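Work through the exercises below with the model open. Each task is followed by its solution.

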Amino acid sequence: MTKKVCIIGGGIAGVGAWWTLAQNGQPGQEWDVTIIHNGARYGGHALTVPVQHNGATIDVDTGVQFVVPLLYPNIDALVKVPGIAEQVPYQAYDDLKVACGFPRKGGQPQNWGNFDAYRTGPNFAMYTDTMYNNAKRFQDFIDLALLEGWGSKSLAEYFDTLKVPYEDQDDFLAYFIDPYLSIINGYGATLSRQVTFDDLVPLFAHVPGIWPGLGSFTHPGAGYRRFVKGASSLVEALADQARSLKPAKELLNTTVMGVVPADPLPGPVTVTWGSGQNPVMSDTFDKVIITTDMEATASLLNNGNNTTIWDSLYSKYLSAKDWPLLPGKCYIHTDIDMLSPDLRDQEETLQFTAYYAPQSADPGYDMFKTYTTYIEKNLHDEANADGLYLTMYGYIPDPAKGDIVPKPETVLFEEVWTHGMWLPTFMLPAKQNLHHAQGKGVTLSYPGQLDTGIYFAGNNTTADSMEHAFISGAVIANYAFGSPYPLDSLLGFGMYELFYKEFMFPAASVSAKKARLAESHRQ
Ligand SMILES: Cc1cc2nc3c(=O)[nH]c(=O)nc-3n(C[C@H](O)[C@H](O)[C@H](O)COP(=O)(O)OP(=O)(O)OC[C@H]3O[C@@H](n4cnc5c(N)ncnc54)[C@H](O)[C@@H]3O)c2cc1C
């Protein structure tokens, strides 16, 4: 009898797992797939929302904005796959201009931007030669940080132990480093000083002719790409191709409510779901892949029907303290008043706005109450997008408590989310321990591991990007079904192996290394 797998979540991890299983003539294709997603279209955090503005339809990305081919070789390979390439136009974006607007000090504007137009004039008086030189000194240090043994050390360790501190170092940290890292980490989240040089090097280091220096304080970032029809176009193209290779039962606008392993193990897994039209339904599956964030995953498993296995297994690996996810919210809107009044030229790609944040003694604004606004006309390079904005928060703003949000009549779309941080080291111990709670693998298993038939993928298990979410789904397709790496990309395979063996199934690399050592010993 054909075996059945249920994939929960229709982001790139879930759809990518389906697409990997669907590939012709390989282990995995024989499985019948059911995919259940609570949205109306596939995408998840790669969601694109078409909005009507200035008489045109503009595809606004609410999650994924950019991908970096150098860091994301699997995404770069996916968009070249015949059948997908035609559906997913993908263009270079080599002019990533960042501007930061802060509360005025003594009535004077305090702003900066990483491009020339935002270095001169009274609005940018704070961006003195001292600040500029500090930024250059820091960027130059990052180029050498790994060679000098700083990789695993945090920025705080670096700045606190300098023999020669930066000039006006506190201001440099408060007005340059912290805002920039808040944008990278999760839009307003105040986690900037947990970052290590290992995290920053891929973004800020540059090697002439080889690596462009993707992020920069002193000039626009380069080396990015955008999906012309929005990030959802890639997820939907993967679903279209998977459907044509091996159709699945697709349940959209449907929410999974519980996942219950067999008792006793091993045995089929019961999945329960419901949607607006349909009453609660359930079915049993031989295997289940859960790609939701770890908060949602924990609530699916801790559903009152799993008490024994929750207490003995999952509670150890899915506890909220190990997965400190961040809440967030975004608005697509037309409210120009959300931008700092000092930065209305709108030449930037995105603006970090602390201008309206409440004042605090140090550094002069409350980082937690900041937000980031994308200027859609500069992202799309389209005049019709003029006056259209996407504002992102690393918290859930509450206007009743004085939080600044777009005026209701200007809001075209709003969405809340839960997410991790882009940085791979965020939640690393939890990611590296999760394999103890994964169901058994086809060729790999671990002492004490239970044969639950339940597997975890999704960006929380690797790193918070489209690339790493895709990798997580492909890794589970291999681990639980034996499907081979699905792309023809050496660089992509390297990234997949790295996250397979060092993050998701770390002991695998240890045992593989031991086996290789034993082998070489025998020869
Ligand atoms: C604001 C923001 C900006 C980002 N910017 C970038 C960027 O520029 N570049 C980049 O590469 N990455 C970016 N990322 C990260 C990237 O979007 C994610 O890492 C990736 O899209 C996650 O894919 P996923 O499949 O793991 O999870 P998701 O996309 O979150 O998919 C999981 C899906 O499961 C659904 N779900 C949850 N519970 C249930 C349930 N009970 N039943 C059914 N379905 C359920 C969720 O609604 C969700 O749609 C950004 C993320 C955010 C939040």
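Ala, Val, Leu, Ile, Met, Phe, Trp, Tyr, Cys and Pro count as nonpolar, Asp, Glu, Lys and Arg as charged, and the others, Gly among them, as polar. Residues are numbered from 1 along each chain as its sequence is written. The model is predicted: local features need pLDDT of at least 70, side-chain atom pairs count only at pLDDT 80 or more, and totals for chains, interfaces and linings use all residues.

**Exercise 1.** Describe the shell around the ligand by class and by source.

Solution.
- Class: the shell has 14 nonpolar, 18 polar and one charged residues.
- Nearest: G9, G11, A13, G44 and H45, out of 33 residues around the ligand. A residue is near if its C-beta atom, placed from the backbone, lies within 6 Å.
- Elements: α1, β10 (254–260), β18 (411–419) and α12 (466–481) each give two or more residues. Helices (H or I, at least four residues) and strands (E, at least two) are DSSP runs, numbered from the N terminus.
- Largest share: α1, with three residues.

**Exercise 2.** Place the ligand relative to domain 1 and domain 2.

Solution. Domain 1 (4–44 + 232–324 + 424–522) and domain 2 (98–222 + 326–419) both contribute to the shell, so the ligand lies between them. The bounds come from an automatic or database domain assignment.

**Exercise 3.** Find the residues that join α1 and α7.

Solution. α1 supplies I12, V15, G16, W18, W19 and A22. α7 supplies V235, L238, A239, Q241, A242 and L245. Contact means C-beta atoms, placed from the backbone, within 7 Å. Ten of these residues are nonpolar, two polar and none charged.

Key. Contact = placed C-beta atoms within 7 Å.
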